[in-house]
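Student: Could you take me through one part of this model up close? I would like to look at the largest cavity and what lines it.

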Amino acid sequence: MFLIDSTDLRRWQAEAITGVLAAIGASGTIATVAGPSPAGLLDLCLAFESLAFRRPRSEPLDRLSPAALNLPPSDGNADIVIDLAATTEVSFDRLLITVGGVGVAAGAADAVMAGEEPFLDLVAVTGGLHRLVGRWHVAVEDRRHLGSGMTTAASRAIEMLTLAASRLAAGATLHDLTLPRVETEPRPHRPGSPGRFTAAAFARYLAGRLERLVRTPPNWAVAWRIDETGDNALPVIADRPWRRLLDDGERFYADPFVVRYGGRTTLLVEEFPFATQKGIISAVELGADGPIGTPRPVIETGCHLSYPFVFEEDGTLYMIPETSGRRQVQLWRAVEFPDRWEPVAVLIDDIDLGDATLLRADGRYHLFGTVRPNWGSSWDGLAVFTAERLAGPWAPLFAGPAKVDVASARPAGRMFPLGKSVVRPFQDSSGGYGAGLGFARVDRLDASGYAETPLVTLRPAPPLSGLHTYNRGGGFEVIDVIADADATIVTP
């Protein structure tokens, strides 16, 4: 049985109902209850955003009539009750999904208006007691828009409810059901004013457009330094200065990876020419004093390329560049390193996987990356795939995401050993894409689940506003940051 508020029923809830019923292989019923009153002007502000910012309409936020669900009314008997209305009217056992203790859409809007990313909570209510089943910290890709955070939260809510239903169908109960859970405690819920927020956001949008007419905005830049840390040690980003990989102002460089092969040390980067607005993979040799010349293109395809994850296997160099725009994870082989590459396999097809990062552990291959669900973000949901051989077949290590956390999910470079442990660099995109960088110790990696312990999270010092990727090799450390065009020395 699904509890709905007929005055605030939205498309995402219909999609969630469809996903839950498919997961449990059963029919459903609905019961109408009263949920919290939505903020005034919310839908009017969503419509204004779509027009003023030239954004597509947020389909999951469309209002629906209960008749569109095509489900019969409940007779009061149900094996599972899922509360989509965040109601306080009923007292029976149920699964309750909220943001900030209120409905998903309204709670996500309030979080955006407070300048925060929403925390999506799934709660099991049994015997009047509330137990937190799972907590996901979801992304807001554009903090100027209410629809951005609302849509991402709705997308992850569908995924969360479907995953919970699958586990209930497999034998879990409301008393022992568990889902991935971030340990961060959200701030207390604060209702916002959609009208004031939208007016202020539109004013900032206009001011930003005027500023771009007279000033070149900061952009991504790669920086390097000699590696004095050595292997098997945790990097200290701020202890010594970095030197910038210079560009000509017509492009930026990002996602640096460095490799030692054939007696040469080579830096591979995403190169993003402003004229084409499409990333390519470029390379430049590193000598004792740093880059020799400027990066030159080595892989260019019909889709955007980035994150050139390069590694050696049986004496051959391979690369897994991000090709999420093609909805594939592709494996490339160096024919003549670093200038000639050829695609050799599609490791995973029909998937939007961000920043695929390979790890070999316990005799198996594991591929980490962030998956973008329908209507969702690729910043916040970490997935892990596994295979016995590099060429596959690849399959999810377990059902559902390993974690959903905008502050630590997305990979940020090659994993490396630390004592007997493995450290995973991660992006912290709370507050904006690639705003910070962190390192986490992998504690568990098996079919039963994934666990890690954050060791450090870093934010760059002003005037820098982003710190995104870390790698090392061949005697060098490399990072990328958001910096002004005239910045030559980068010191986070």
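Tutor: Happy to; here is a walk around that cavity. This is a predicted model, where local features need pLDDT of at least 70 and side-chain atom pairs count only at pLDDT 80 or more, while totals for chains, interfaces and linings use all residues. Residues are numbered from 1 along each chain as its sequence is written, and side-chain values use heavy atoms, with hydrogens and water left out.

A cavity here is a set of points, on a 1 Å grid over the protein atoms alone, where a 1.4 Å probe fits but cannot get out. Grid points are joined across faces, edges and corners, and a volume is the space filled by probe spheres set on the points. The count comes to one cavity of 30 Å³ or more, and the largest cavity holds about 150 Å³ of space.

Its lining (residues with an atom within 4 Å of a point) is made up of 15 residues, and D8, Q13, L84, A85 and G103 lie nearest the centre. Two elements give two or more residues to this lining: α1 (11-24) and α3 (104-113). Helices are DSSP runs of H or I with at least four residues, numbered from the N terminus. With three residues, α3 gives the most to the lining.

By class, nine of the lining residues are nonpolar, three polar and three charged. In that scheme, Ala, Val, Leu, Ile, Met, Phe, Trp, Tyr, Cys and Pro count as nonpolar, Asp, Glu, Lys and Arg as charged, and the others, Gly among them, as polar.

How values were computed. On a 1 Å grid over the protein atoms alone, a cavity is a set of points where a 1.4 Å probe fits but cannot get out, and a pocket is an open set with protein on both sides within 12 Å along at least five of seven lines; lining residues have an atom within 4 Å of a point.
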